[in-house]
Amino acid sequence: MPGDDVLYPPAQYSFLWLLLVLAVLLAIVGVAVLVAFLTRPRRLEAQPEVDRPAVLTQLRVEYLEGIDDIERRVRAGELDARRAHAELSRLMRAFVNEYSGLEAPVLTLRDLVAQGVHPALIDALGRFTYPSLFRRGAPVDPVLGAQAARQVVQTWH
């Protein structure tokens, strides 16, 4: 009856509820550890020492061979002067990009001057490439352009 002064014991929870709470807590801790493990900074593995002068020498050799090939094709009549200057410009700019990281392939002559690049590149582009590609009239002799391109590859620092 409602007026009885009888005490009832507190409700007892099943042991399974305790196990469920512990499992949820372990899952939260496990996820936190997993996230920490997967997002930690990686240790840099020791890279083998690269012989930088040998790599740069090989780079120069490859680009000089490319210039020689362009000159050979010009002399054989396989390339016209404008196309030869375009390829020489591409080669010089690619060499500078690969050698120094400067994004020369996408920079204009004015941008390169503002960057303060090696004078050999400015001279080669200003005296041979730009007049041959962008001026009306006969292009400059591509053999002279090839000599200027060789100068760029050999003297670039």
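Here are four short exercises, with worked solutions, on the predicted model shown above.

**Exercise 1. Check the length of helix α2 against its expected span.**

Solution. Start with the residue range: helix α2 covers residues 52-75, which makes 24 residues. The rise is 1.5 Å a residue, and the expected span is 1.5 Å times one less than the number of residues, so α2 should span 34 Å. Now turn to the model, where the end C-alpha atoms of α2 are 35 Å apart, in agreement with the expected value. Just past the helix, have a look at Gly-77: this residue follows α2 and has a positive phi, near 80°.

**Exercise 2. Find which residues of α2 are buried, and name the helices they pack against.**

Solution. First collect the buried positions. They are Leu-56, Leu-59, Tyr-63, Leu-64, Gly-66, Ile-67, Ile-70, Glu-71, Arg-73 and Val-74. Among them you will spot Glu-71 and Arg-73 alongside Leu-56 and Ile-67. Next, look for their packing partners: the buried residues of α2 pack against α3 and against α6, residues 142-155.

**Exercise 3. Trace the contacts that link helices α3 and α5 through Ser-89, Thr-129 and Leu-133.**

Solution. Begin with Ser-89, which sits in helix α3, residues 81-100. Its relative accessibility is 8%, so Ser-89 counts as buried. Setting aside residues up to four places away in sequence, Ser-89 touches Leu-125 and Thr-129.

Follow that second contact to Thr-129, a residue of helix α5, residues 119-134. Thr-129 is also buried, because its relative accessibility is 2%. Beyond its neighbours within four places in sequence, Thr-129 contacts His-85, Ser-89, Met-92 and Ala-124.

Then move along to Leu-133, also in α5. With a relative accessible area of 29%, Leu-133 is partly exposed. Leu-133 touches Arg-82, His-85 and Ala-86, again without counting residues up to four places away. His-85 is thus a handy landmark: this residue appears among the contacts of Thr-129 and of Leu-133. To finish, compare backbone positions: Leu-133 and Arg-83 are 50 residues apart along the chain, and their C-alpha atoms are separated by 8.4 Å.

**Exercise 4. Decide whether Phe-15 is buried or exposed, and list the members of its nonpolar surface patch.**

Solution. Locate Phe-15 in helix α1, residues 15-38. The cut-off for exposed is over 50% relative accessible area. Phe-15 has 56% relative accessibility, so this residue counts as exposed. Finally, assemble the patch: Tyr-13, Phe-15, Leu-16, Trp-17, Leu-18, Leu-19, Leu-20, Val-21, Leu-22, Val-24, Leu-25 and Ile-28 together make a nonpolar surface of about 1300 Å².

Key. Residues are numbered from 1 along each chain as its sequence is written. This is a predicted model: local features need pLDDT of at least 70, side-chain atom pairs count only at pLDDT 80 or more; totals for chains, interfaces and linings use all residues. Side-chain values use heavy atoms; hydrogens and water are left out. Patches are made of residues with over 30% relative accessible area and no salt bridge: like charges are joined within 9 Å, nonpolar side chains (Val, Leu, Ile, Met, Phe, Trp, Tyr) within 5 Å. Accessible areas come from the Shrake-Rupley method with a 1.4 Å probe; for residues, only the protein chains shown count as cover. A salt bridge is a side-chain nitrogen of Lys or Arg within 4 Å of a carboxyl oxygen of Asp or Glu. Helices (H or I, at least four residues) and strands (E, at least two) are DSSP runs, numbered from the N terminus. Buried means under 20% relative accessible area, exposed over 50%, partly exposed in between (1.4 Å probe, protein chains only). Contact means heavy atoms within 4.5 Å.
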